[in-house]
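Trainee: Please take me through one strand of this protein in detail. I would like to know where its side chains point and what it pairs with.

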Amino acid sequence: MRNNRAMTVRPHRIAVLALDQVVGLDLGTPSQVFGTARATDDTHFYDVRVCTPGGQPVRSTGGFQVLPDHGLELLDTADSVIVPGIHAGTALTSGTVEPEAAEALRAAYQRGARIMSICTGAFVLAAAGLLDGRRATTHWAYTEQFRRLHGEVDLDPGVLFIVDDRVLTSAGVAAGIDLCLHVIRLDHGSEVANRAARRCVMPPWRDGGQAQYIERPVPKVTDSSTAGAREWARQRLHEPIALRDLAEQARMSVRTFTRRFRSETGLSPAQWLLQQRTDHARLLLETTDLTVDQIAHRTGFGTTASLRQQLHQRIGVAPSTYRRTFHPRPAPAAHPQAGSLTGTSTGDADDATALAEASPR
């Protein structure tokens with residue numbers, strides 16, 4: 001899959017296949033997100049329509065019925081097919097799906113359509129045989145149930161979404177929005193995807209490999225929260241930031257701050273700071289013509305080698321490769337760096353050392 005500017009010739013046709021007990025938010029996500037993907041002249045890039053088996057009404061989990069305008073014949077001409085999550089039915093209980101729906105999905109894939117699922121929609125794709133031997137994900141709460149029914153699928157419940165050739169699966173609820181934005185970015189580049197995200201009042205992206213937010217206690221935000229220190233750090237990513245600096249901003253001891261920070265964010269201060277710097281570097285790679293060397297300094301990595309190492313560890317590609325994929329225009333080459341790339345993950349170091357390594361040199 002790659003950027004496809006030819007898709008602007010006509011809207012990319014998306015068929016959303018709703019089955020009984022469809023999750024309401026999942027059902028509305030494709031039309032909302034893809035519907036906001038437009039050219040600067042307001043031309044729509046996608047045409048999203050909903051169908052059901054036989055064109056019959058189906059029940060939603062929100063207590064309302066869906067009255068579709070189309071039956072399964074919509075899949076015959078769709079460029080992409082999306083299956084929203086469901087909260088009941090044989091796909092969840094016995095790993096099977098209505099034969100006509102399964103056949104329509106397989107036929108769409110065989111003729112070259114892109115197939116996607118949101119949340120437990122992965123159960124439907126698996127029941128149709130489209131996930132056999134593939135990596136896939138679904139809502140973390142359904143992990144054991146999915147593995148019991150579909151041992152032939154390489155399930156990874158710890159990520160937001162997975163792209164395996166033309167079959168894409170996402171985790172629960174909001175992760176479907178992330179997947180739709182990712183597809184827009186693949187099809188039309190970051191500028192279009194970012195505009196769509198702004199219209200949806202969403203962050204431009206979250207990594208597909210980012211962990212799902214598995215259930216854990218949420219601490220109350222009080223005057224003793226580390227939120228203020230985190231915001232202070234976000235405004236100074238280009239500067240050296242030590243653990244003691246963060247603790248002082250929160251008016252806590254280093255020990256108390258570290259414990260409370262992990263409780264509130266699920267990360268150590270070092271891990272969080274590296275994540276913020278990497279996210280900011282990705283934004284600059286996508287939206288500016290700054291050299292990689294300049295971006296490394298502006299995001300606090302200090303050197304191109306350090307930025308390259310962290311980007312590769314987190315998303316598996318070099319800065320130049322990431323930019324070629326998501327930047328809408330050619331960008332200047334980074335200054336050449338001498339020497340080889342070496343080092344170990346900061347996850348193996350204590351917080352103080354890791355924060356020092358993540359600061360500018």
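Mentor: What follows is a close look at strand β6, then at one loop residue, then at the confidence of the model. This is a predicted model, in which local features need pLDDT of at least 70 and side-chain atom pairs count only at pLDDT 80 or more, while totals for chains, interfaces and linings use all residues. Residues are numbered from 1 along each chain as its sequence is written, and side-chain values use heavy atoms, with hydrogens and water left out.

Strands (E, at least two residues) and helices (H or I, at least four) are DSSP runs, numbered from the N terminus. Strand β6 covers residues 114-117. Arg114 and Met116 point one way, Ile115 and Ser117 the other way, and all are buried (under 20% relative accessible area, 1.4 Å probe, protein chains only).

Two strands pair if DSSP finds at least two bridges between them. β6 pairs in the parallel sense with strand β5 (residues 80-83) over four bridges; here Ser117 is the bridge partner of Val83. β6 also pairs with strand β10 (residues 167-170), in the parallel sense over three bridges, and Val167 in β10 is the bridge partner of Ile115.

Now the loop residue. Thr137 sits in the loop between β7 (135-136) and α5 (143-149). Thr137 is buried, with a relative accessible area of 0%.

Last, confidence. The average pLDDT (the predictor's confidence in each residue, from 0 to 100) is 84 for the protein, and 82% of the residues score at least 70. Over residues 330-361 the pLDDT is below 50. Where pLDDT is low, the predicted coordinates should not be read in detail.

How values were computed:
Buried means under 20% relative accessible area, exposed over 50%, partly exposed in between (1.4 Å probe, protein chains only). Contact means heavy atoms within 4.5 Å.
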